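Okay, thanks for squeezing me in. Have a look at this one, and then I'll walk you through the ligand site and the cysteines.

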Amino acid sequence: MSHKPAKRSLTDLYRMKQQAIPVAWVTAYDVPFAHAAERAGVDMILVGDSGGMVQLGHPTTNPVTMAEMITLASAARRGAPNTFLIGDMPQGSYEPSPRDAVVNAMRFVKEAGADAIKCEGGQRQLRQVKAMVDGGILVMGHLGLTPQSTASFGGYRVQGKSRESFERTLEDALALQSAGVFAILLEAMPEEPAAQIARQLRIPVYGIGAGGKLDGQLLIMHDLVGFYQPFRPWFAKCYLPQVARKFADYLDGAPDLKHLGRVERRDGLLVLVEMAVAEYVAEVRSGAFPGAEYSYPIKDSELAALRASEKWLG
Ligand code: KIV
């Protein structure tokens, strides 16, 4: 575990891409988890609208409001003042008009202290994305499985496996890049189509459940520490079993447990979460995560059909 010297800048993120250093980032929605993430050395924090599910108990991300997101993002910012922080535009906050998109994105920046925002969708949201970029806001695109529109996908389904889905995602990604997004997040795609899309872009492409050949990995904090009971995506890894022994050894090795608790307040959950996140960061950097175990497979026949697309290069 280490303290980060300074908040990542866009230049840092682009340099990391050039140097093939994978970016490790997590979601956080409150002070303690954001603080633990910052201490563990994550490169970025996403205040996702997943917070509506894992933190606020909604059954999906759809009911989440802008007001709830500002409360969550402000708390995360207070917990992690030195980490590049991205606010996630909730459903209904950007689709109605470019003006709505700019006004709500600005709320993340001005009220919550966010460095950037993320929104779902490709060509359908291009006017909104352009307006936010023109407004001076750093925008990250989100393609693949986009939870706000799961109804139109027929549920939480892996994307990019069919030729149509791959080509649409690639076209969306290229359009978002032209509109000026600084990066794209791909969710729930097999490694090969995700990597093919990343190869055709000059901006960083990060993944959550999209294989290991991208510029970085995102994980939902509550999956990382096993704190969400109703559901865990197949690609999510819980790091608690891996660090439980280390935490026990740390406590065993403390010369004065009372001092560790009462004076340093380093005898509990904060340290355990920090250890779990630090383990995740180390595995992302080394390439150990996600590996085949936490990546979606694709059949040879499906991959052959994708490779036959005229949009598949190389
Ligand atoms: O809300 C969120 O955390 C997200 C991730 C699932 C990508 O958008």
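So, start at D49: an N or O atom in its side chain sits 2.8 Å from an oxygen atom of the ligand, a polar contact, meaning a pair of N or O atoms within 3.5 Å. The side chain of K118 has an N or O atom 2.9 Å from a ligand oxygen, and for D88 that distance is 3.1 Å. The protein covers 96% of the 260 Å² of accessible area the ligand has on its own, by Shrake-Rupley with a 1.4 Å probe.

Before I go on, this is a predicted model: local features need pLDDT of at least 70, side-chain atom pairs need 80 or more, and totals for chains, interfaces and linings use all residues. Numbering runs from 1 along each chain as its sequence is written, and side-chain values use heavy atoms, leaving out hydrogens and water.

Who else is around the ligand? There are 13 residues, with G48, D49, S50, D88 and K118 coming nearest; around means a heavy atom within 4 Å. That shell has five nonpolar, four polar and four charged residues, with Gly counted as polar.

Now the cysteines. C119 counts as buried because its relative accessibility is 1%, and C238 is buried too, at 18%; the cut-off is under 20% relative accessible area, 1.4 Å probe, protein chains only. Disulfides, meaning cysteine sulfurs within 2.5 Å? The search of the whole structure finds zero.

Note on methods
Polar contact = N/O pair within 3.5 Å; in protein donor to acceptor, adjacent residues only side chain to side chain. Disulfide = S-S within 2.5 Å. Buried < 20%, exposed > 50% of the residue type's maximum accessible area, 1.4 Å probe, protein only.
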